[in-house]
Amino acid sequence: MKISNRRSRRAATAVALGAVLALTVTACGDDGSGAGGDKGADGSGKGKIVFWDNNGGVRTEAWKAIIADFEKANPDIKVEYVGIASTEYQSKVDTALQGGGLPDVGGVGAAMLAGFAAQGALEPLDERLAKSSLNGKLNKDMVESLKAAGGGDDKLYSIPTSANNGVLYYRTDLFKKAGLQEPTTWDRFFEAANKLTSKGKNEFGYTIRGGAGSIAQALDAMYGQSGITSFWDSSGEKTTVNDPKNVAALEKYAALYKKVTPAADLNNDFTKMVAQWDSGTIGMLNHNLGSYQDHVKALGVDKFRGIPQPTGPGGKRVQVSNPVDGLGLFKSGKNKDAAWKFIEFATSKAENSKFNESAGQVPANTDAAKDAWISKAEPTKLAADALSDGSTTIVQLPYYLPDWNTISKADNEPNFQKVLLGKMSAKEFLDTLAEQLNAAQEEWDQQKG
């Protein structure tokens, strides 16, 4: 992919990384935590630490199992688990940054990393990692991705735990009954969405994400159909989101709402969307590797498949990136040594494998990534195959922009709902999004000199 010379090496690394990686709250610390300017302390390496899970509910069971293992191996350290829904996590951290009460350790993925780092909330982890048994055991591309997302100083503020990938889940039983081909192309996808819909029987071809997290899924559908392979134009200063081909793609995608989808989709985040698909007679669902186990539990392995996103023009597959997730050490924590022990333990081979098998994601620990369960999880294996055969290009989203998370969530999710409702045109929506992104990129360029 083409990258502007004005963009940083870290951003360039992130773009290259995408093609590799896609394959693949209320309490304070031991002695209290302050706002982002508090430098905290290393502490005794013992006592209590507080851990904020950035995907609470969805991953609570997995994290509690890891915590139990950790406390057994480290009886002088107790971990207080606080699960926070992914849709609420950023605002929770931002509030704590202003008023105090940050945890010792928490989930810090690429999408939120730049904003937290810019506020001085996170401890650089390069030196700790260099001295750790983890050194050399973490996927180098995931590490570089988190460095790239950090916002400008080439420091590592989060230790990677996993990488994700977009998946199209479809009901094999419903497709067979309707005589439909596998939705491996966008043309087949739209054909199936229409043919599997029978509103009188409460049957729908697709479930669209209209609530929290809707923008990334919409971008995936846009770039997948348009075949545009870079988020920025050749100048590196103007985004391609409002390219006429993307506008046309979004118009077609948004028109699915209420025509072949449930009306409730307007407000559905991923948990409601996944639950609805697992319990109903909906033909297709776009999500990621993370919900694979939920579908297995609900449907068994015989009624669905999870395949890479459909191919578009010329048989090429284009996807937007999914952010690498990780664990960060909050600068204001008073027991950083104990918190670091927890991060080391959670990303060790056995625990990282256990977590990612539960989550259905790609482990950051390179030894864990060799475990047998990965080849048995079909969506993960298919994603790896798709990226190794040259058919897939990843459009890397600009996680390095401090404003990215706000722009892609709070600022524009309500506008996307207006598009679904026919109250705003796709062009107006994308022009607004582009204006904000171009301004954020310009500010980034100025800060970088």
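Reader: In the open sheet of four strands, which strands stand at the edges?
Author: In this predicted model, an open sheet of four strands has the order 6-7-5-8, and its pairing is mixed. From one strand to the next, the twist averages 20°. Each of the two edge strands has a single partner strand, so one side of each is left without a neighbour in the sheet, and these are strand 6 (204-207) and strand 8 (304-307).

Reader: Which residue in strand 7 does Thr207 stand opposite?
Author: Strand 6 and strand 7 (residues 282-288) run parallel and are joined by three bridges. Within strand 7, the residue that stands opposite Thr207 is Leu285.

Reader: At about what angle to strand 8 does helix 12 run?
Author: Helix 12 (residues 292-299) lies across strand 5 (166-171), strand 7 and strand 8. Strand 8 is one of the edge strands of the sheet with the order 6-7-5-8. Relative to strand 8, helix 12 runs at about 170°.

Reader: Turning to the open sheet of six strands, which strands stand at its edges?
Author: The order of this sheet is 2-1-3-10-4-11, with mixed pairing. The edge strands each have a single partner strand, so one side of each is left without a neighbour in the sheet, and they are strand 2 and strand 11 (362-363).

Reader: Is the β-α-β crossover from strand 1 to strand 2 right-handed or left-handed?
Author: Strand 1 (residues 47-53) pairs with strand 2 (residues 77-83) in the parallel sense over seven bridges, and Ile49 has Val79 as its bridge partner in strand 2. Between these strands the chain passes through helix 2 (residues 60-73), and the crossover is right-handed.

Reader: What is the bridge partner of Ser162 in strand 11?
Author: Strand 4 (residues 159-163) and strand 11 run antiparallel and are joined by two bridges. Helix 14 (residues 349-359) lies across both strands, running at about 35° to strand 4. In strand 11, the bridge partner of Ser162 is Pro363.

Reader: Which residues have the most contacts inside the largest nonpolar core?
Author: The largest nonpolar core has 125 residues, and helix 19 (residues 426-448) provides the largest share, eight residues. In soluble globular proteins, nonpolar side chains tend to be buried together. Inside this core, the residues with the most contacts are Leu219 and Tyr223.

Reader: Which residues is Leu219 in contact with, leaving aside its neighbours within four places in sequence?
Author: Leu219 is one of the residues with the most contacts inside the largest nonpolar core. Once neighbours within four places in sequence are set aside, its contacts are Val241, Val320, Leu397, Trp404 and Leu433.

Reader: Is Ala249 buried or exposed?
Author: Ala249 lies in helix 10 (residues 244-254), and, not counting residues up to four places away in sequence, Ala249 touches Met222, Gln225 and Ser226. Ala249 and Tyr223 are 26 residues apart in sequence, while their C-alpha atoms are 7.8 Å apart in space. The relative accessible area of Ala249 is 4%, and since buried means under 20%, Ala249 is buried.

Reader: What is the radius of gyration of the protein chain?
Author: The protein chain has 19 helices and twelve strands. For 449 residues the globule rule gives 22 Å, and the value for this chain is close to that, so the chain is as compact as a globular protein of that length. Along its principal axes the C-alpha trace spans about 65 × 50 × 40 Å, and the radius of gyration is 21 Å.

How values were computed
Residues numbered from 1 in each chain as written. Predicted model: local features only at pLDDT ≥ 70, side-chain atom pairs only at ≥ 80, totals over all residues. Heavy atoms only, no water. Pairing = 2+ DSSP bridges. Right-handed = clockwise from strand over helix to strand, strands pointing away. Contact = heavy atoms within 4.5 Å. Axes fitted to C-alpha atoms, helices over the stretch in contact; angles between N-to-C directions. Core = buried A, V, L, I, M, F, W, Y, C linked by side-chain atoms within 4.5 Å. Buried < 20%, exposed > 50% of the residue type's maximum accessible area, 1.4 Å probe, protein only. Rg over C-alpha atoms; globule rule 2.2 N^0.38 Å.
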